[in-house]
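Me: Could you walk me through the structure below, with the reasoning behind each answer?

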Amino acid sequence: GAPWVNAEMLSAELNSFSMPGVIFEAARFTPDVKISDYPPKFFNKECSGIFINVTDKAEFEPVKCGVLILISLNKLFPEFRFNKDNFIDKLAGTDMLRKQVVNGSSLDEIVKSWLPGAEEFRKSRKTYLLYN
């Protein structure tokens, strides 16, 4: 969430994708607890966002869900920006995800772009698996 997010609009957008195993609910909160030396982003500012309600753990795809949230934030809110240091690139292992989101790629396009690498990984890991 963030002060500039419209929670109802964001939850409606995310729910329109009918992702299996999850429902998005509008939420409001104020980050007001410091759990480290650094205050949380938007400290003591009212924020709107979403509550991610996982309804079926077996069906839920958290990575796709995270990507869909980034796509929706980028689409709906001009204030949305990745951090200056592009930390998302470290989390994703590449700058490709960030660039795809910024350029307006769809969830299907982004998922398809990582399938060849995922298949290559599945093949290479077979040697190291202890059990089938």
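Me: Is Phe 80 buried or exposed?
Reply: Happy to help! This is a predicted model, where local features need pLDDT of at least 70, side-chain atom pairs count only at pLDDT 80 or more, and totals for chains, interfaces and linings use all residues. Residues are numbered from 1 along each chain as its sequence is written, and side-chain values use heavy atoms, leaving out hydrogens and water. Buried means under 20% relative accessible area, exposed over 50% and partly exposed in between (1.4 Å probe, protein chains only); at 11% relative accessibility, Phe 80 is therefore buried.

Me: What kind of pair do the rings of Phe 80 and Phe 82 form?
Reply: Rings of Phe, Tyr and Trp (its six-membered ring) pair if their centres lie within 6.5 Å; planes under 30 degrees apart are stacked, over 60 edge-to-face, and the rest tilted. The Phe 80 and Phe 82 centres are 5.2 Å apart with planes at 70 degrees, so the pair is edge-to-face.

Me: How many aromatic pairs does the structure hold?
Reply: Trp 4 and Phe 77 also pair, with centres 5.9 Å apart and planes at 55 degrees, so this pair is tilted. With Phe 80 and Phe 82, the number of aromatic pairs is two.

Me: How far apart are the end C-alpha atoms of helix α5?
Reply: Helices (H or I, at least four residues) are DSSP runs, numbered from the N terminus. The expected span is 1.5 Å times one less than the number of residues, so the 19 residues of α5 (residues 107-125) should span 27 Å. The end C-alpha atoms agree with this, at 26 Å.

Definitions and conventions:
Helix = DSSP H or I, 4+ residues; strand = E, 2+ residues; numbered from the N terminus.
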